[in-house]
Every structure is written in structure tokens, then in C-alpha cells.
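This report examines how strands are arranged and paired in a single protein chain. The sequence and the structure are shown first.

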Amino acid sequence: MNIRNIAIIAHVDHGKTTLVDKILHYCQLFRDNQETGELILDNNDLERERGITILSKNVSVRYKDFKINIIDTPGHSDFGGEVERVLNMADGVLLLVDAFEGPMPQTRFVLQKALQLGLKPIVVVNKVDKPNCDPELAHEKVFDLMFTLDATEDQLDFPTVYGSAKHNWMGLDWKVQTDSISPLLDTVIEHIPAPKVIEGNTQMLITSLDFSNYTGRIAIGRLHRGELKEGQFVLLIRRDGSQHKARVKELYVFEGLGKVKTDRVQAGDICAASGLEGFEIGDTIADAEFPEALPTIAIDEPTMSMLFTINDSPFFGKEGKFVTSRHLRERLEKEIEKNLALRVEHTDAADSFRVFGRGVLHLSVLIETMRREGYELQIGQPQVILKEIDGVKCEPIEELTIDLPDSVSGKAIEMVTLRKGELLSMTPKLDRMILEFRVPSRGLIGLRNQLLTATAGEAIMSHRFHAFEAYKGEIPSRQNGSIISMEKGSTIPYSLDRLQDRGKFFIDPGQDIYMGQVIGENSRAGDMAVNVTKEKKLTNMRASGSDEKMRIAPAIRFSLEEALEYIQGDEYVEVTPQSIRLRKIYLDENDRKRYASKF
């Protein structure tokens, strides 16, 4: 069989999507004069803005007489659910490693999944043209990592390719620059096994979903055995074991960046089938007469939850189209279908839902997508999920790696140990220091902001879930209180100027605010209610020099993740298509005092 199925896995920013770009260009998928831009597969706005892959995608290229199906996967462990479901379609993986940084925590996370599935790895040491890099040391570290992850002898005997995806070359020796990336594609054809064709009737595990306005939902997966034909009657076996008959209306295989209609698919190829109803990811398409289910996809448990509720602030409905609890519920139910690592629970209140995910980033990408679609909602403080194991209260622990300048490493160690973190190792690398910790997931909430402030934006932080361990005790939360607006109205520059010594503000002059909105951070502990809508009283006699020049500091602007990490237990983040505001759950000051004991 002239098919090869490979997944590309790596840590964030090690060059996965750039490498896929170069493969697409080398295999002449585009016309010579076609404008394609960079990061072709990162095609949704959020991925382009953040420079990270969020959704896994597949493309296929033709090289020599072979068809290579390539699956680009996210590098962030928050999107581990994406990786876990698509690795089932591959027979081998390209493990991409930065020649300077070597394997990073999230490399370990994705590689572990691939090795457990028995996939054959090819190691690609990328960015060998970086100054001060050591490709051979990076190669050794990958070997050590695979050994600690219990790789088999066959997996440890991996081929290695060196090169620079950005400068469009790959070769077997990092000192000799070649003129193209063909050595990498030759290595794939030589070392990645062809799909195993097992004798038997039709079996296909659904690992991905697509949607078309004309044909409805489309099931995507790799045909495990047998063959699929257009118009064939099949049996859909669900995760819970229930079965129902269906008919495949149309079949597609992947060619280039799109899909091509076909009337028959052979085992081993990745295909898309339309016409099936009511299926989920992890279901099996089986033979109608002799059905056999495939093992379903195992997904790691979520580690964090947030409360999603409708927007009931005084400014609700001004910017969004979807503002009711029915809209919110339908949108979350639609998201669960394709986002496997997500869970949604109904709460006592009809307009609130508890949403469980892998981390703040995982959930904030969902919130950001929803606000761009026109939803208005409010989000509560992120909470980690606690479990009871053998009668002991346990919480999720993460492995944290911080790469920062040597001179500020002391500050970082102090910050993490205050949050119950445990220092595992310190490794100097030129003028920088690599620190490794084990820290409770609770301790990571709000840590990135503090670290970036303390290191003047120099710290690079990455983490991955390690295990559930015994509860580590209380972690001090934000020390400073909030500045809260007492009145509804428009902010006056005179009032802001007079209150500047009380704290930092999140709002600009002339901005509309409402009572109970969090408009700044108090310089001391405890909340403070202020009136910033008060104008200066003018007299009919003006003394010279009584009007001083106002110097108002620029407002602090939070990104969505920063806002979610910043809020306290009695606060919400109000998210609308154009604004992110912070507010108290109880807007009235008397209500806040009455219910203070709840938080």
C-alpha cells in the first residue's frame, strides 16, 4: 500500500505548522503565482492572532508514488484532547524538537501518548541554524526522554533528520545544508510503516467531525479494515454500546488541503463519510451484518472548572446577539460534540452551567470563540477539581518549566514556592536559567502575570499535568483589594486624577461604567468603593494656578486569560463581543456585605 499516515507533534513554537507549509510547497500543491501566506493550516483567526495551533487538521500530499496523510496537532497540553483523538489515525509520528531548547514539558506529554499507541517516531531536530544551539545534545535528550517513557526497542531505534523548516532544508547531517526537504519525505517513506491491512469486515473509528450546510455532519476517521462504498449500509456502534443502522451517502478522501469525492475507500486511508445521523467522536462505523466495535478513545480527565452564566449586568444586550440561557446551553452542547476534553454540568440555577476543561487556556479559547460569534456571558473564578482518592483529599499537580534570565531566577523561585511549588532542578543555559517545579494547578492561576511583571516580560513558562496528589494546603490569593464604582455614569478625568494615589485603574476617562463594576486595583488589602463620575465644582472666582495639569496614568488592559486569572471568588468577568469588564457578583454594596460569608 502506497499510503503513509503521520502526525506531527512538538512543543509550542518548535515549528510544526511551518514544516507542514514547506511540505505543501515542495509537493507543489499550489500554483507558482498563488499567494498562500505563512502558517497555511492555522486558518482560524484565533490561531493566527495567538500564533499557536488549537485544532488538529489533516492534509495529504503526493510524493513520488506515495500518498502521505499529514496530521498537524496542537503543542499545548491544554488541547491534549485534540491530540489524543487524532493519533489514532496515524501509523507514525514526526517528533519536532528545537535544536536549542531540546525536548520541553509538552513534548513529553504528546510523545507519551504516541508511544503508548505503539507509533513509530522519526525525530526532526529543527532550527539547527540558531546561534549557540547543540543539535547532538538535543538528539541525546530525546533518546533519554523516550527511554524514561518506556519506549520499545523498535521505537528507541529512531531515525533522525536535521534541518531548518524556516529556511526550507532537511538532511541527515546538521553540518551539511541541503537544498530541499526531500530527505525528510524519503525518511518518512522508508521508516513509517504502511497501514496494516487486517482481513475482515468494515471497521472505522470516528476521530473527528466536520460540518457542511448541505449534507449536515460529516464523520472523519481512518478505515481500520475492510472497505467502505458509497451507498453502503453500515451499523453505527455508540460509546455506550447501543447500535443503529445507517447508510453512507457520500465518501471523500483527503487530497491536498481539501476533500475529493470517491465511490470506494480501502483500509488504511483517512476518509470522510456523510449521511450518518447522531454519531459522536469515539463511535465505530461497522459492518451491517457482522458488527464489531473498535476500542473507543480514552481521554484524560479535566482539571479545572469555571461557572458560565448569562450576562445580567446593566449593560447586557447592547453588543451581543445571543444573550439568553437557551442560547448559552445550545452553544455549549454543540461544543461538547467535537471538543472531547470538555464537560458541561447543569447547576441549581437554570441560567448557569459549570464547564470543565484542561486549563485556563483551553476554556478561554472557547469563551473567545463564543464572544466573536456574538454571545454575551459572564464567567466565574477558575476552580481546580479536587478528588478523594482512598479517603485522602487530592488535587491536580503540574510540572512547570520556567526559562528566564539568570539574574531574576531568585524572584521566580520565591513566587512559585509561596504557591506551594517544589523546585526540582536548576539548569544554567548561557545567560538564562531553566527552572523545573512541581506545583499545584491552583498555584498556576495568576502566576504568569506576576512572573512577566517581575522579569520585565522575559520569562517563558510552560506546564503539563503530572498527577493527582494530596492537597497541599491554602495558597495565598491576590493581596490587593478591588476598587469598585459606586455610581452608574461616565468617568470624569478630574475624579480619576484625584484617586490615582489609591491604586491602579482599568478604565479611561469618558468611559461608561455601572455600579458594582470593578474599575481598578486598590493599593491596599480590602475593597474600596469610589465615585469616579463626580465633576469638579466650579466657582465664579478663579484663583490663578488653582487648575493643575492632570496626568492620568494609562488604564491597565487585561486579555481574557489575564482577567480570568485576576478575579477573586466574589467577582465575574463579563464578556461581550466588544468588551471585557470585571464586576462584583452582587452589584449593590449592602448585598455584598450581607453575602460576604459565602466567599
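## The β6–β7 hairpin

In this predicted model, strand β6 (residues 160–164) runs antiparallel to strand β7 (residues 169–171), and 3 bridges join the two. Within this pairing, G171 of β7 is the bridge partner of Y162.

The two strands form a hairpin, with 4 residues between β6 and β7. In the turn, N168 has a positive phi of about 65 degrees.

## The environment of β6

β6 also pairs with strand β5 (residues 120–126), here in the parallel sense and over 3 bridges. V125 stands opposite Y162 of β6, and Y162 has G171 as its bridge partner in β7.

β6 is mostly covered, with 5 of its 5 residues buried. T160, Y162 and S164 point one way from the strand, whereas V161 and G163 point the other way; residues on both sides are buried.

## The sheet as a whole

The open sheet is formed by 7 strands in the order β2-β3-β1-β4-β5-β6-β7, and its pairing is mixed. β2 (57–63) and β7 each have a single partner strand and stand at the edges, so one side of each is left without a neighbour in the sheet. From one strand to the next, the twist averages 25 degrees.

## The β2 edge

At the edge formed by β2, 7 bridges join this strand to β3 (residues 66–72), and the two run antiparallel. Y63 stands opposite F66 in β3.

Methods
Residues numbered from 1 in each chain as written. Predicted model: local features only at pLDDT ≥ 70, side-chain atom pairs only at ≥ 80, totals over all residues. Heavy atoms only, no water. Buried < 20%, exposed > 50% of the residue type's maximum accessible area, 1.4 Å probe, protein only. Pairing = 2+ DSSP bridges. Axes fitted to C-alpha atoms, helices over the stretch in contact; angles between N-to-C directions.
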